[in-house]
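Got your viewer open? Here's a short tour of what to select and what you'll find at each stop.

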Amino acid sequence: MKDLTPTRHMLDPIEIASRDEIEALQLERLKWSLSHAYTNVPHYRAAFDRAGLRPDDLHNLADLAKFPFTVKQDLRDNYPFGMFAVPRGQVKRIHASSGTTGQPTVVGYTENDLKHWGDVVARSLRAAGMQRGDLLHNAYGYGLFTGGLGIHLGADTLGLTTIPISGGMTPRQVRLITDFEPKGITVTPSYALSVLDEFAAQGIDPRTSSLEVGIFGAEPWTNAMRREIEQAFDMHAVDIYGLSEVIGPGVSMECVETKDGLHIWEDHFFPEIIDPNSGEPVPEGKMGELVFTSLTKEAFPIIRYRTRDLTRLLPGTARSMRRMEKVTGRSDDMIILRGVNVFPTQIEECLMATPGLAPHFQIELTKPDRMDQMRVLCEATDGSVDAAYAASALGDQIKQSIGISVTVDVRAPHSVARSQGKAVRIIDNR
């Protein structure tokens, strides 16, 4: 793989500023954000008042922990525009969640918000090794989902040439990668596996493609998956993080030269880690739930938003800004199976360590009697694999690594449903 490390002069000065400089800027912007939210959003005014707090009660960064959390239900309760802090006419763009599990959550952006969003995504793409004039194959979904248009905005800001293919039409994805020869691809890791399958179906070695870096996000993925993708494509695979409630993609980014966690762009987003049960802050370096407060957003300020993503904060390395470890799962995706906490990423790691099995899987949960049961549905890499032996091997691996007994169903290649966006890992039939 080529060395894609950006040179120091390419970086924004704040990326390599001292911690004192970063924290002074954060405090200044945090005071503004709290005041802006309190003054212009009835929900925040009522929440702060109930807690007996005013924006000027924030004297230092640690004081933020006194303020109330925001959760997804708050956004649903204020559907569609109740969380906006500017008149609707000043909102230049609206995005929303799918609403498949409830009322959609709606977010908005002013002209300045779009500029900031473009800047942090451009910074993220540059951290991945992309430079002005490079060609980017953008396979994130376009539309109300923030992924496609958010990446496109940052690509324009950085000066890339973008192929806005979106998701789906997998044979066409491979054809355009082959014909247009992009340097980078932005895509969910699960859909990257579908693209990889299509390379094989067309008889093309993906290692001969022009791709030098894949920028993967929108769902948790493991370092084992990274190794699989990097080896298959002979390219770098780096992690990008974001969520629409905070801004979209570009909240944090893994740097291609270190791949040791995602640097949070702390000049725009203030991170905390809390105990997901008590809500209390945990010491830096300890695992917990990620919470974000926006520092510069005008249309849709977000105060102490509980992301439900589980990670920990670490000191900066390639940049001065702190890192978040790769997200291992979500507190609301955690499966409690007969008293044991299980995350889909743990099953993925066991799968990747079992010879003869492809990296596609789903988890089915049932309760035929009083006990919860888990079935892992996966597939063989090819027709020569002994399915019974592979199933036994994976079952043993899960038992040894996680401590639970599961049923494993190994099927023929291409039997597991493929994702064209975020993967659906859990089917709960209990």
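How much space lies in the largest cavity? About 40 Å³. Keep in mind as you click around that this is a predicted model. A search of the whole structure turns up 1 cavity of 30 Å³ or more. To see the walls of the largest cavity, select Leu 75, Asn 78, Tyr 79, Pro 80, Phe 81, Gly 82, Met 83, Pro 104, Thr 105, Val 106 and Phe 300.

**Next stop: a pocket.** Now try the second largest pocket, with a volume of about 300 Å³. Its lining has 17 residues, and to centre your view, pick Leu 196, Asp 197, Ala 358, Pro 359 and Thr 381, which lie nearest the pocket's centre. Then colour helix H7 (189–201), helix H8 (223–233), strand E18 (357–366) and strand E19 (373–380): these are the elements that give two or more residues to the lining.

**Into the core.** Select Leu 125, Ile 215 and Tyr 241. Of the 74 residues in the largest nonpolar core, these three touch the most other members. Helix H4 (residues 111–127) gives the most to this core, with 7 residues. Zoom in on Leu 125 and, leaving aside neighbours within four places in sequence, you'll find contacts with Met 130, Leu 136, Ile 151, Gly 154, Ala 155, Leu 158, Leu 160, Thr 186 and Ile 215. There's also a second, separate core of 24 residues; Leu 135, Leu 211, Ile 229 and Ala 237 are among them.

**Over to a helix.** Which residues of helix H2 (residues 42–50) are buried? His 43, Tyr 44, Ala 47 and Phe 48. Look down the axis: these residues cover an arc of only 120°, which puts them on the same side of H2. Show helix H1 (19–40) and helix H3 (72–77) too, as both are included in what covers the buried residues of H2. Just after H2, check the backbone at Gly 52, where phi is positive at about 70°.

**Last stop: a covered strand.** Select strand E10 (residues 269–274), where 6 of the 6 residues are buried. In a regular strand, side chains alternate between the two faces of the sheet. Here, Phe 269, Pro 271 and Ile 273 point one way from E10, while Phe 270, Glu 272 and Ile 274 point the other way. Glu 272 is buried along with the rest. Now add strand E11 (residues 288–294): it runs antiparallel to E10, and 6 bridges join the two. For one pair to label, take Pro 271 and its bridge partner in E11, Phe 292.

Key. Residues are numbered from 1 along each chain as its sequence is written. This is a predicted model: local features need pLDDT of at least 70, side-chain atom pairs count only at pLDDT 80 or more; totals for chains, interfaces and linings use all residues. Side-chain values use heavy atoms; hydrogens and water are left out. Buried means under 20% relative accessible area, exposed over 50%, partly exposed in between (1.4 Å probe, protein chains only). Helices (H or I, at least four residues) and strands (E, at least two) are DSSP runs, numbered from the N terminus. The arc is that of the directions from the helix axis to the C-beta atoms. Contact means heavy atoms within 4.5 Å. A nonpolar core is a set of buried Ala, Val, Leu, Ile, Met, Phe, Trp, Tyr and Cys residues joined through side-chain atoms within 4.5 Å. Two strands pair if DSSP finds at least two bridges between them. On a 1 Å grid over the protein atoms alone, a cavity is a set of points where a 1.4 Å probe fits but cannot get out, and a pocket is an open set with protein on both sides within 12 Å along at least five of seven lines; lining residues have an atom within 4 Å of a point. Grid points are joined across faces, edges and corners, and a volume is the space filled by probe spheres set on the points.
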